[in-house]
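Reader: I'm new to this one. Can you put it up and walk me through some helix packing and the pockets?

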Amino acid sequence: MKVLIVQGDVVTAYGRGLDALWAGLLSAKTAIRPISRFPTGHFQTSLAATVDDVDPAKPESMVMQMLRPIIAQSSSSIPSDAQLILASTVGEIEWLQREVEAGGHGAVRSCLRFLQRTLERSWGLDRDGITVSAACASSTIAIAHGAGLVRSGACDAVLVVGCDAVSEFVFAGFSSLLALDPLMARPFDRHRAGLTLGEAAGYVLLMSEPRARREGRQAIGEVCGWGLTSDAVHMTGPLRDGSGLARAMRKALAMAEMEPSRIGSIVAHGTGTPYNDAMEIRAFKAVRGLDIVPTYSIKGGTGHTLGATGLVETLVALRSARERLAPPSVNLLECDDEASGWVHRDAQPLGSRLVVSTNSGFGGINAALVLSG
Amino acid sequence: MNRGSRIDVVGGGWIGHGAWGCCRRQIHLEYLDAGTLPAALQRFGAINGSLKSWARFDRISSQVCCAVGLALYDVPADRPIAGDIGIVGANIEGALNANIDFFRDYIGSGRQGARGSLFVQTLPSSPVSQASIQFRLCGPQYHVTPATNRLSEVVAAAALSLTDGDAGAMVVVGTYGSEALAVVLATGTGSADARSLDVMIRESGLTHPWWR
């Protein structure tokens, strides 16, 4: 059973909609800038990629501020029997922040199940959804799980929603791990020194081919295969040789019944940390039969959007495949030797509409999708 | 792919109020203090290797790792598992307590210094990550908050990874208060050692409706 992606939308620091995101990436200009949302003097950096008009002081949570316009625009075209899968790392964490600051004990509202229910109600869904949390691979695994439901026949419509916001909670955490680049994220750059946080929210609607045909929906892409693995060695550092991620990629290609040589591009996790980016390139090289193909990271432009990142990158991958153009890796000045030939400062023409999307997360989680645009 | 394959529950481990055990092997032993459980399970043989890293675990991580160790121990020695073993964790509150601990500690420092050792616990998936590292589980790994607060839903989610061929076996582990239950799912062979989830739960003695 084919798993089609029939609809999607996103908001990032580049603005609302996939067109704004795509134009921003092609411009090679970053959306990372100084933030004033909370004091940053004691953190590693004061930079992040935040969405205009999202304000933690507003009554609604930051992720809902991002999602409300998306919901309003899409609710008439999302079927009420779609299964919701929410992907997020910390969701509406500002409820917890406020409660702790006030010395209270009622931070339960920050739990992801409340956000999940809010989204079900807002989209008018009449099925119970689930929340998938897998660190920075949350959306990718949510898409894989949704695709599994469609392929197995358990559901014929799945709404995958990914979201995370730039909060003081998360900023403090990543700064405590010394994971932030004091300048800004430079994925695959020789002088890269860490990640930059970003925020985003969006959705993709997965549908079985028969249902899409019945409803006259045009596909914007297809989820052809997926592979999930764990490094099982360390909570924050990846397996340096990339073998865990390489296995995930091979699994995804095997599920898609595709030779690696057919892949035309890779949208990498590419956080800008020394270890992640090195690990990924080694993983790509370890997949026998995978040619050197245009490989890019969007995180120099959008920042690292945590639980939303896989979903944002899936939408970019599908647009990239359709345009037959891999966007530049924003902020790349001097490519790391290991990534030479793979990652470019400029947009690259593509010969194939097949894309591999990879994401990795804390706990040694690896996820790979094979997508067709 | 293994679509249409039967899924068997081939091992189960549980932690209850003052007792712990293995489902298939019908082991039921008592404990007084949850802090002594890891050492007790190590002596029992359900946990191998050093417990040094366990000192940094929060309560849920410790519960999860104990239950997973017991579940894996409960799998028959002659039960072949081809492929990766993955893990899916589930609970209702996610990482709520870890989140509170982290942010309270940060506020208490005058917002001057957050602790990375606390931050890494603040993901709902952190406990299954710890179990993945402890028991070298190299398959799919994620946390699920089920809609209807029933473990059976999480088992269904994990079973997809088996039918997709993404794993040879999946450990599903849930925590609820001071209780934890882990079961090992594998593609069915129709062997006499196979159990249903309901039987495993009944054998555990855990009675909260969450465990259905």
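Author: This is a predicted model, where local features need pLDDT of at least 70, side-chain atom pairs count only at pLDDT 80 or more, and totals for chains, interfaces and linings use all residues. Residues are numbered from 1 along each chain as its sequence is written, chains are lettered from A and ligands numbered from 1 in the order in which they are written, and side-chain values use heavy atoms, with hydrogens and water left out.

Reader: At what angle do helix 6 of chain A and helix 3 of chain B pack?

Author: At about 80°, with the axes 11 Å apart; the helices span residues 168-176 of chain A and 96-108 of chain B. Helix 6 of chain A is therefore roughly perpendicular to helix 3 of chain B (65 to 115 degrees counts as that). Axes are lines fitted to C-alpha atoms, for helices over the stretch in contact, and angles run from 0 to 180 degrees between N-to-C directions. Helices are DSSP runs (H or I, at least four residues), strands likewise (E, at least two), numbered from the N terminus.

Reader: Which residues of the two helices make the contact?

Author: Helix 6 of chain A brings E168(A), F169(A), A172(A) and G173(A), and helix 3 of chain B brings N99(B), F102(B), F103(B) and Y106(B). Contact means heavy atoms within 4.5 Å. By class there are 5 nonpolar, 2 polar and 1 charged (Ala, Val, Leu, Ile, Met, Phe, Trp, Tyr, Cys and Pro are nonpolar, Asp, Glu, Lys and Arg charged, the others, Gly among them, polar).

Reader: OK, pockets. How much space lies in the largest one?

Author: About 470 Å³. A pocket is an open set of points on a 1 Å grid over the protein atoms alone, where a 1.4 Å probe fits, with protein on both sides within 12 Å along at least five of seven lines; lining residues have an atom within 4 Å of a point. Points are joined across faces, edges and corners, and a volume is the space filled by probe spheres set on them.

Reader: Which residues are closest to its centre?

Author: T236(A), P238(A), T273(A), N276(A) and F362(A), out of 28 that line the largest pocket. Helix 9 of chain A gives the largest share, 4 residues. The lining has 14 nonpolar, 13 polar and 1 charged.

Reader: And what lines the second largest pocket?

Author: There are 15 residues, with M235(A), S53(B), R56(B), Q130(B) and I133(B) nearest the centre. The volume is about 320 Å³. Helix 5 of chain B gives the most, 3 residues.

How values were computed:
Angles under 35 degrees count as roughly parallel, over 145 as roughly antiparallel, 65 to 115 as roughly perpendicular and the rest as oblique.
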